[in-house]
Amino acid sequence: MPIPRRALVAAAVALVLPLSACGSGSGGGGSTDASGKVEGDITFQTWNLRANFKPYFEGVIADFEKKYPGTHVKWIDQPAEGYADKISADAAGGTLPDVVNVSPDLVAPLAKAGLALDLDKSAARYKKEYLPGAWAGHQIPGMTGTYAFPWYLNTGPLFYNKSLFTKAGLDAGEPPTTYDELFADALRLADKSHGKVATLANVPTIEDFGRYGVELMNKQGTAFSFNDAKGVQLLTKYKELYDAKALDPQALTATPESSGKKFLTGAVAMNPGSALDLGNFKKQAPNLYKNIGITDQITSTGKVNMYVMGVMVNARTKRTPAAVAFAHFVTDAQNQMSFAKKVAIFPSTAGSLDDPYFTEEDGTDETRVRVAAAKSLKNAVNYTPVLFSEQMKTALRNEIAKALQGKESPKSALDNAVKACDTLLRQQG
């Protein structure tokens, strides 16, 4: 599947560009004026989508060229591996395509270098067409502007194993809906199974701190703040789970794939996922599928986490009207809806989630998950800070591991993680 649940988790993007531009500059012959005639040749780059969706994108391009005679779109698709490095090299070499498929963390350094067009200036008329949370997904703390059209979104529920809940004396029809309930149920499951069944398989990530209600970063985007009292409280709870084997002992080195396998084999009672996973359960673990429970993400904020993909316009394109028009065309309601029916993702356009496809169940688990996810996306947020790089994720993970192993207190671990992330943030420039 070319669109993983975590929205194609991006590699580190520490761009070192020979550019002095800051903001959404338009050097190199480009123009920020998108109001001229839509014409000319442009290039469009996607991220590992050709193999499964070639007819779809060829159709979108043909429709665009028909709507705007005199335009020609050259489609380039890059493999998932090394995508960030490819963008970095193109940015440094002046060969960045006119329209580029990006995630928020990929667009941040490009915006800072003046290579991402500010849509609040050049395409503000389209803003109302998108969900507010999605439009905000490509805004950069400390900068004004929006630097990519929102494209597809993803989120998912928590799956749980009803039979494991029942064996522990828990009501399988009443899964936890708050963190207090989650932690209490996890301790009970571990106790009743004598440490053989963990409830969770992953250490907390930055988005988990966000869901818990932790203020992750200051408004200026100059410092992280996830070491506050709430952050320490969450990590302290996870330490308690880890000691009781309610958090899987291998969580320190777990990946989404390894966690998924643990859930399939019944070693873990709960796991996040998406509608895509249900098909896997049915094929690979029919007994689990028969006992699958589906519940909402647990948050303290009332807003679930979402992953957002975007389509950026190169600020230095020589065909600004055509590039903006095409980026908007790819992400408009009609084309997003068409794409969403080909793969289990969700459109970012306002009103699309009210379509019967996302509101009406037909008795299957697939539609139940789709409808629940669509409803939650209307006010969802991307908790992962745009400026939170892969190196920062590693620094946080390393410090959390020390806390869980008892090598540091939760407070010291988060203080050290914030210090390391702030240092990396300053190096981004």
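This is a short walk through two sheets, a few helices and some single residues in one predicted model.

Okay, some ground rules. Since this is a predicted model, local features need pLDDT of at least 70 and side-chain atom pairs count only at pLDDT 80 or more, while totals for chains, interfaces and linings use all residues. Residues are numbered from 1 along each chain as its sequence is written, and side-chain values use heavy atoms, with hydrogens and water left out. When I say helix or strand, I mean DSSP runs numbered from the N terminus: H or I with at least four residues for helices, E with at least two for strands.

Let's start with the sheets. In general, strands of a sheet pair through backbone hydrogen bonds, either parallel or antiparallel. Here, two strands pair if DSSP finds at least two bridges between them.

One open sheet has 5 strands, and the order is β2-β1-β3-β8-β4, with mixed pairing. At its edges sit β2 (71-78) and β4 (149-154), each pairing on one side only. From one strand to the next, the twist averages 20°. If you want a place to look, take β1 and β2: they pair in the parallel sense over 8 bridges, and G40 stands opposite T71 in β2.

The other open sheet I'd like to show has 3 strands, in the order β6-β5-β7, and its pairing is antiparallel. Its edge strands are β6 (270-272) and β7 (292-295), which each pair on one side only. Ignoring direction, neighbouring strands here are turned by 25° against each other on average. Strand β5 (residues 158-161) pairs with β6 in the antiparallel sense over 3 bridges, and you'll find F159 opposite N271 in β6.

Now, helices. Find α9, residues 229-243; I'll use this helix twice. A word on the geometry: axes are lines fitted to C-alpha atoms, for helices over the stretch in contact, and angles run from 0 to 180 degrees between N-to-C directions.

Take α17 (residues 390-404) as the partner: the axes of α9 and α17 come within 9 Å and cross at roughly 55°. That makes α9 oblique to α17; angles under 35 degrees count as roughly parallel, over 145 as roughly antiparallel, 65 to 115 as roughly perpendicular and the rest as oblique. The crossing is right-handed, meaning the near helix is turned clockwise from the far one by less than a right angle, and anticlockwise would be left-handed. Which residues of α9 and α17 meet? From α9 we have L235, Y238, K239, Y242 and D243, and from α17 I400, A403 and L404. That contact (heavy atoms within 4.5 Å) divides into 6 nonpolar, no polar and 2 charged residues. Nonpolar covers Ala, Val, Leu, Ile, Met, Phe, Trp, Tyr, Cys and Pro, charged covers Asp, Glu, Lys and Arg, and the others, Gly among them, are polar.

The second partner is α7 (residues 179-192), whose axis comes within 10 Å of that of α9 and crosses at roughly 15°. That makes α7 roughly parallel to α9. This crossing is left-handed. F183, A186 and L187 of α7 meet L234, K237, Y238, E240 and L241 of α9. The split here is 6 nonpolar, no polar and 2 charged. Y238 of α9 turns up in the contact with α17 and in the contact with α7.

Next, burial. Buried means under 20% relative accessible area, exposed over 50%, and partly exposed in between, with a 1.4 Å probe and protein chains only. Is helix α13 (residues 320-330) enclosed or open? All 11 of its 11 residues are buried, so α13 is largely enclosed by the rest of the structure. Among them are P321, F326 and H328.

A380 lies in the loop between α16 (365-377) and α17, and it is buried at 3% relative accessible area. Leaving aside neighbours within four places in sequence, A380 is in contact with G133, V304 and M306. A395, within α17, also counts as buried, at 15%. Not counting residues up to four places away in sequence, A395 touches A417, A420 and C421.

Last, two backbone oddities. N48 isn't a glycine, yet has a positive phi of about 60°; look in the loop between β1 (40-47) and α1 (50-67). N48 is partly exposed at 26%. K245 has a positive phi too, near 65°, and sits in the loop between α9 and α10 (256-264). At 43%, K245 counts as partly exposed.

That's my tour, thanks.
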